[in-house]
Amino acid sequence: MSLMQGPGKPTLAAVAREAGVSSPTVSKVINGREDVAESTRTRVLAALEQLGYQSPQQRKHAEGRTAIVEVVFDSLYSAYAVEVLNGVLEQAASADVEVLIDVTGHAPALTLSPERRAQRIVDEGRLGLIVVTSGFSTAQLSAFRRRHIPVVVIDPLNPPPSEVVSVGATNWAGGKAATEHLLELGHRRIAYLGGPETAECNQARLHGYMAALMAGGVEVRPDYVMLDKFRPEHGIRGLKALMALPEPPTAIFAGSDSIGLGVLAEARRHGLRIPEDLSLVGFDGTYQAEQSIPALTTVTQPLQEMGRAALRAVLRQANGEQLDSQRVELATHLVVRESTAPPATGSPEPEMARG
């Protein structure tokens, strides 16, 4: 029996002989079965890598067959998701790759078991997977890795394992730039309405906000920091809570354009003028921010480029290339529009922080 699939292409039998196990055991490891001792799995994975064994989806890509990349979203209702998807689709068209969109209301790991979801991707011949703002468990990511499925996570809510490629933006620098802009206008009472407390991108934006305040000699006030989901509802509730404070802020940095749009809507309902009575900065740079009334000053993320970069990273991994870095971080920049202005004359200023 030949041990090779063709010239230079090892079979399961060749891998089994190299690892000192049976072919069925190699098959179990490739398919992510859990009934394999960890030491055996390690030997088999090492043999697969040493011999350059290609999974079925990698062989399809190498042979020039139509490649399909799956893109998973929590939802497509946000402008953020639409912008990222446009970037993925644009890159896919130039690379002659098809895109399959999967929308889940929750983290994908909750809809299918890790092993079943990973095996489905292999069985259906997907080249790889792009995950957008969904938290994958370590078990899920491990199941992908055991099957050699290229995965790229965009703007992960939680830091992925070191071997998983992620694409994001300079969130800390963006948060700092947004806050510095408000400080330069003369604001000292600046609130932050951010996303989930545990979200990595939110933490970076919050720390950028805090760094700018401290560098400007302004106290970081806990009652001015409110964290929830990146949704308009948080902007609505947050503005109500902030305006009820004995000393409400004169400016708000919203951790997403979506939150900012909620603030705009609630301000309009209560006759609060933006920017005359309250300045507002968002984060993301979506088309909704540009079209809002007033147009929203925002920190723009290169959302379409993030989508393009994610697809490029999947294709490079599928081709067996070694990436220069597991983290791709693209620059943000502040776009000043109509929603920010100096504070109204006579607004009381808080006590400056003592150095």
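This short talk goes through one open sheet and two helix pairs in a predicted model.

Because the model is predicted, local features are taken only where pLDDT is at least 70, and side-chain atom pairs count only at pLDDT 80 or more, while totals for chains, interfaces and linings use all residues. Residues are numbered from 1 along each chain as its sequence is written, and side-chain values use heavy atoms, with hydrogens and water left out.

Let me begin with the sheet. Six strands form an open sheet with mixed pairing, in the order β9-β8-β10-β11-β12-β14; strands here are DSSP runs of E of at least two residues, helices are runs of H or I of at least four, both numbered from the N terminus, and two strands pair if DSSP finds at least two bridges between them. The edges are β9 (225-227) and β14 (333-335), each with a single partner strand, so one side of each has no neighbour in the sheet. From one strand to the next the twist averages 20°. At the β14 edge, β12 (residues 297-300) runs antiparallel to β14 and is joined to it by three bridges, and Thr300 stands opposite His333 in β14. Helix α9 (residues 200-215) packs on this sheet, touching β8 (190-194), β9, β10 (251-254) and β11 (279-284), and its direction makes about 175° with that of β8; angles run from 0 to 180 degrees between N-to-C directions, and axes are lines fitted to C-alpha atoms, for helices over the stretch in contact.

Now to the helix pairs. The axes of α10 (residues 232-243) and α11 (residues 257-269) come within 6 Å and cross at roughly 50°, and the two are therefore oblique to each other, given that angles under 35 degrees count as roughly parallel, over 145 as roughly antiparallel, 65 to 115 as roughly perpendicular and the rest as oblique. The crossing is right-handed, meaning that the near helix is turned clockwise from the far one by less than a right angle. Among the residues in contact (heavy atoms within 4.5 Å) are Ile236 and Leu239 of α10 and Ile259 and Val263 of α11.

The second pair is α5 (residues 79-95) and α13 (residues 303-318), whose axes come within 7 Å and cross at roughly 45°; this crossing, too, is right-handed. The residues making the contact include Tyr80, Val84 and Val88 of α5 and Leu303, Leu311 and Leu315 of α13.
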